[in-house]
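Q: I am new to this structure and would like a close look at a single part of it. Please start from one residue and then place it among other sites.

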Amino acid sequence: MSPVALCLVSVLQHVEGFADRQAAEAVRGRIDWKYALGLELTDPGFDYSVLSEFRARLVEHELGMRVFDAVIECCDAAGLLERDGRVRTDSTVVLAGVRWLNRLEFCGETVRSALEAIAAAEPDWLAERISGQQVERYGKPVDNWRLPKKAVDRNKRLRQFAKDGFWLLDQCAADARGPGAALADLEAVSVLRRVWGQQFERCGGRIVVRTADDLPPSEEVVVSPFDIDARYSVKRGQSWNGYKAHLSEACEPGYPHVIVGVYTTDATVPDLSCTEPITRQLRARGLRPRTHFVDQGYVAAYHLVREAASGTVLHGPIRGDWSTTKGADVLFKPTDFVVDEPTRTVTCPAGQRSTGWSVRIGDNGTPYANVSFPVGVCRPCPLRAKCTRANMDKNQRGRGLKVMLGAYRKAMLERRAEQETEPWRESYKQRSGVEGAISQATGRIGMRRCKYRSLDKTALQHILGATAMNFIRVNAWRCGYRSETTRTTHLARLQLQTQT
Ligand code: SF4
């Protein structure tokens with residue numbers, strides 16, 4: 001099969017929601033698929049395993065985005081895309097294609113998968129070393145319903161898993177001149193080593209189970225031995241293991257809403273860190289949106305400044321970026337402090353002037369000043385309870401502030417002012433249309449769940465899914481269907497008629 005034909009099959013299977021076997025069957029038996037692929041009616045097609053091999057090659061050579069770009073170029077050539085038009089972006093949760101495991105199951109499964117890999121690679125080597133009890137313990141998948149119920153017994157079992165994991169790693173290390181050295185490089189054994197480094201510690205001969213406070217940050221913690229790129233995250237009270245998909249949709253009036261960008265990250269990457277990669281991707285594709293609609297999660301002052309310098313208005317509300325706004329309902333708002341950059345001073349709500357001002361450059365290149373007020377003024381201040389929760393008696397320091405400077409501060413203040421105005425809010429309503437794209441991606445294309453394991457393969461799934469969405473959208477546009485406006489219910493319509 002030609003790579004182009006396999007690309008087309010890979011996209012069509014996302015349009016139809018087919019698994020590999022169903023797609024291969026459709027190539028063999030459906031006349032419309034044969035017509036699209038330019039095959040003879042008698043063509044026997046191919047074995048379904050060709051598709052997974054093809055995807056592996058796309059991932060290996062980082063060619064997945066070529067499929068998406070080719071469709072964008074076709075849309076552009078057909079006049080279906082405004083290159084400097086409007087674009088809107090949003091993200092959605094993607095669940096990893098692995099079972100959610102509690103800590104006990106996770107550790108047991110990590111040992112079991114390493115033993116399985118070794119049993120397949122060097123059965124004799126393992127048979128010489130493994131005990132009957134271990135075979136019984138790891139002979140079947142480690143399921144919660146088979147594990148002890150009492151906390152004390154579960155803790156004992158966790159330590160047993162830890163002991164077995166370290167035993168296996170030690171056995172591989174001790175056999176440096178035999179097969180053990182090669183076994184230590186098996187992927188499942190490497191995962192075991194990495195997971196054990198995160199979950200346990202050996203102090204002398206003792207095994208210590210790390211507490212939640214002692215674990216590495218969630219962007220590093222492996223949550224399943226079967227997908228080591230998936231990460232645990234929480235958003236608005238909703239927790240999941242997996243990834244995030246960011247979709248950008250063209251929304252210029254008079255054109256179809258083509259998906260112009262797709263970007264995949266692990267679940268812990270905040271939207272704020274994705275604004276620049278997304279816009280960079282759009283520009284690399286020759287698209288420089290005039291206006292880019294995003295929600296608050298994507299907007300920081302440095303994005304506003306940099307996007308404006310590139311000719312794009314990043315149209316989204318900005319959130320407060322002062323560091324001391326905890327319990328903002330009772331504390332003073334940042335705007336209650338008057339900043340005077342030329343004199344390098346800040347005046348607080350009590351009318352006191354700051355004395356400290358040291359300029360720093362943040363990780364994202366934003367200049368800011370660390371401002372401080374004298375402790376002798378702040379400690380007896382009657383407004384202190386409304387101003388800060390810092391323990392000045394203990395710290396011997398007055399109120400501190402972090403103040404953004406220069407063009408970044410100006411952009412932030414201007415956006416804060418304009419986002420309160422009615423015309424701005426009215427134009428911002430265009431962002432909400434992207435929810436339709438997210439709905440189609442998750443509902444019709446199945447982007448909510450990973451079909452494959454690892455970040456690279458999940459990203460490829462999203463690229464193929466987004467290309468499939470463009471097939472559906474362009475086809476609908478060519479058939480005369482146009483995007484629905486927000487529906488008005490019969491009751492609301494009745495109310496409008498009554499009012500008029
Ligand atoms: S606590 Fe210090 S900074 Fe805050 S209002 Fe009082 S004097 Fe001003």
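Leaving aside its neighbours within four places in sequence, which residues is Arg415 in contact with?

A: The model is a predicted one. Leaving aside neighbours within four places in sequence, Arg415 is in contact with Leu304, Val313, Leu314, His315, Gly316, Ile318 and Trp424. Arg415 itself belongs to helix H17, which covers residues 406-418. With a relative accessible area of 7%, Arg415 is buried, because the cut-off for that class is under 20%.

Two polar contacts of the Arg415 side chain can be described. One goes to the backbone: the side chain reaches the backbone oxygen of Gly316 at 2.7 Å. Gly316 is also one of the residues in the contact list of Arg415. The other links two side chains, those of Arg415 and Glu418, through a polar contact of 2.8 Å.

Gln461 can be described in the same terms. Its place is in helix H20, residues 455-478, and at 2% relative accessible area Gln461 is buried. The side chain of Gln461 reaches a backbone atom, the nitrogen of Lys451, at 2.8 Å. Beyond the neighbours within four places in sequence, Gln461 is in contact with His14, Gly446, Met447, Arg449, Cys450, Lys451 and Tyr452. For Cys450, which is 11 residues away from Gln461 along the chain, the separation of the C-alpha atoms is 7.7 Å.

Lys244 lies in a strand, E5, made up of residues 238-250. Lys244 has a relative accessible area of 6% and is buried. The side chain of Lys244 makes a polar contact of 3.1 Å with the side chain of Asp271. Apart from neighbours within four places in sequence, the residues in contact with Lys244 are Ser91, Thr92, Val94, Tyr263, Thr264, Thr265, Asp266, Ala267, Val269, Pro270 and Asp271.

Strand E5 also borders a loop that holds Arg236, with strand E4 (231-235) on the other side. Arg236 is exposed, at 76% relative accessible area. Its phi is positive, about 45°, although Arg236 is not a glycine. Most residues other than glycine have a negative phi. Another arginine with a positive phi is Arg344, at about 55°. Arg344 sits in the loop between strand E9 (338-340) and strand E10 (345-347), and with a relative accessible area of 45% it is partly exposed. A glycine with a positive phi, near 85°, is Gly286, which follows helix H12. The buried residues of H12 (residues 275-284) are Thr275, Pro277, Ile278, Thr279, Gln281 and Leu282.

The last site is the one around the ligand, which sits in the largest cavity. The shell around the ligand consists of Cys348, Ala350, Gln352, Phe373, Val377, Cys378, Cys381, Arg384, Cys387 and Arg399. By class, seven of the shell residues are nonpolar, one is polar and two are charged. Helix H14 (375-378) and helix H15 (384-387) each supply at least two residues of this shell.

To return to the starting point, Arg415 is buried in the model, and its side chain has polar contacts with the backbone oxygen of Gly316 and with the side chain of Glu418.

Note on methods. Residues numbered from 1 in each chain as written. Predicted model: local features only at pLDDT ≥ 70, side-chain atom pairs only at ≥ 80, totals over all residues. Heavy atoms only, no water. Helix = DSSP H or I, 4+ residues; strand = E, 2+ residues; numbered from the N terminus. Buried < 20%, exposed > 50% of the residue type's maximum accessible area, 1.4 Å probe, protein only. Polar contact = N/O pair within 3.5 Å; in protein donor to acceptor, adjacent residues only side chain to side chain. Contact = heavy atoms within 4.5 Å. Near = heavy atom within 4 Å. 1 Å grid on protein atoms, 1.4 Å probe; cavity = no way out; pocket = protein on both sides within 12 Å on 5 of 7 lines; lining within 4 Å. Sits in = over half its atoms within 2 Å of the grid points. Nonpolar A, V, L, I, M, F, W, Y, C, P; charged D, E, K, R; others polar.
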